[in-house]
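Me: I have a model open and would like to go through its side-chain contacts and strands with you. Could we take them one question at a time?

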Amino acid sequence: MTDPRIPVTEDELHAYIDNELPAERRGDVEAWLAAHPDDAERVQSWRAMAEALHARYDAVADEPVPRRLEIERLVRQPRKWFYGAIAATLVAFSAGGGVGWLARGASASPSAFQNFTVDALDAHRLYVVEVRHPVEVPGSERAHLQQWLTKRCGWDVRAPELGETGLKLVGGRLLPGPSGPASFLMYESASGERFTIYTARAATVTTQMRYATQDNDGALFWAERGVGYVVSGGSDRARLTQVARLVYDQTEKNGG
């Protein structure tokens, strides 16, 4: 039995949207929303966001977790790539040249570019569909998130401020990268548009920016000081470049 006098929690509101709330508590939540218009408005915005995400990503929501994202791969030896498979996968990508404002440094090798973009886009597609659990550490704990990822990854992980592009930090998580741990940050606009930043050790010190697409998602990859970055988002390349440029400017300012 539940007590309707107990205040409704945010987890219960999310469970209500996802139809995961116990039946005996549903009436209490609906009564609470009727008496609390601010919470009712939040629930409506979350529901609209969930519907938009599912409309765009339902085709990939039920796909199995890619093996490269299995957590035990963090402790394995660096992967060995079969060059035939790499070449075949690269055919599926549309790789552009360096963006003008970052056309400098050595070009990324095909394998480094492919490793990062495949992993980053897989992670992006896997987690952007999540409404209740898109991240491990929420954006409200930015300082803790940065300290945790910095300690685990071994380089200075900073969550850029992307407010001027209309994006707010959702949070982040730790993932396996091409040869060790990777940091993963997620940002979201008021309309539910999501971008992610995937960062891991890179074999090359510096590379120019390169573009790739997979289905309806795009990614921009570059490397600085032996760390590779991939900003992933939708198919609007101009919008993706706007976000990636701001990420790049801030990582350069902070020294990586």
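**Contacts, strands and burial**

Me: Over the ring of which residue does the charged end of Arg237 sit?
Reply: First, a word on the ground rules: this is a predicted model, in which local features need pLDDT of at least 70 and side-chain atom pairs count only at pLDDT 80 or more, while totals for chains, interfaces and linings use all residues. Residues are numbered from 1 along each chain as its sequence is written, and side-chain values use heavy atoms, with hydrogens and water left out. A charge sits over a ring if NZ of Lys or CZ of Arg is within 6 Å of the ring centre and within 35 degrees of the ring normal. For Arg237, the charged end is 4.1 Å from the centre of the ring it sits over, that of Tyr211.

Me: And how far is the charged end of Arg173 from the centre of the ring of Tyr127?
Reply: Here again an arginine has its charged end over a tyrosine ring, with Arg173 placed over Tyr127. The distance to the ring centre is 4.0 Å.

Me: How many aromatic pairs does a search of the whole structure find?
Reply: Rings of Phe, Tyr and Trp (its six-membered ring) pair if their centres lie within 6.5 Å; planes under 30 degrees apart count as stacked, over 60 as edge-to-face and the rest as tilted. With that rule, the number found across the whole structure is 5.

Me: What kind of aromatic pair do Phe116 and Phe221 form?
Reply: Their centres are 5.3 Å apart, and the angle between the planes is 45 degrees. The contact links distant parts of the chain, with Phe116 in helix 5 (residues 110-127) and Phe221 in strand 6 (residues 217-224), 105 residues apart. Helices (H or I, at least four residues) and strands (E, at least two) are DSSP runs, numbered from the N terminus. By the angle of its planes, the pair is tilted.

Me: Why is the pair of Trp222 and Tyr229 called stacked?
Reply: The two ring centres lie 5.4 Å apart. The pair counts as stacked because the planes are at 15 degrees.

Me: Which residue joins Phe116 and Phe221 in one aromatic cluster?
Reply: Phe116 and Phe221 are both buried, where buried means under 20% relative accessible area, exposed over 50% and partly exposed in between (1.4 Å probe, protein chains only). The remaining member of their cluster is Tyr198.

Me: How many salt bridges does the structure hold?
Reply: Side chains of opposite charge can pair when their charged atoms come close. A salt bridge here is a side-chain nitrogen of Lys or Arg within 4 Å of a carboxyl oxygen of Asp or Glu. The total is 9.

Me: How many residues apart are Arg26 and Glu30?
Reply: These two meet in a salt bridge, 3.6 Å from N to O. Arg26 is partly exposed at 28% relative accessibility, and Glu30 is also partly exposed, at 39%. Both lie in helix 2 (residues 23-35), and their spacing, about one turn of the helix, is 4 residues.

Me: How far apart are the closest N and O atoms of Glu188 and Arg194?
Reply: Both partners are covered: Glu188 is buried at 15% relative accessibility, and Arg194 is buried at 7%. In their salt bridge, the closest N and O atoms are separated by 2.6 Å.

Me: With which residue does Glu193 form a salt bridge?
Reply: The closest N and O atoms of this bridge are 3.0 Å apart. Glu193 is in the loop between strand 3 (181-188) and strand 4 (194-201), and its partner, 46 residues away, is in helix 7 (residues 237-253). Glu193 is partly exposed at 28%, whereas the partner is buried at 16% and is Arg239.

Me: Which residue in strand 4 stands opposite Ser183?
Reply: Strand 3 pairs in the antiparallel sense with strand 2 (residues 168-176) over 8 bridges, and 7 bridges join it, also antiparallel, to strand 4. Two strands pair if DSSP finds at least two bridges between them. Ser183 is the bridge partner of Leu174, and in strand 4 it faces Thr199.

Me: How many of the 8 residues of helix 1 are buried?
Reply: Helix 1 covers residues 10-17 and is largely enclosed by the rest of the structure. Its buried residues include Glu12, His14 and Tyr16. The buried count is 6.
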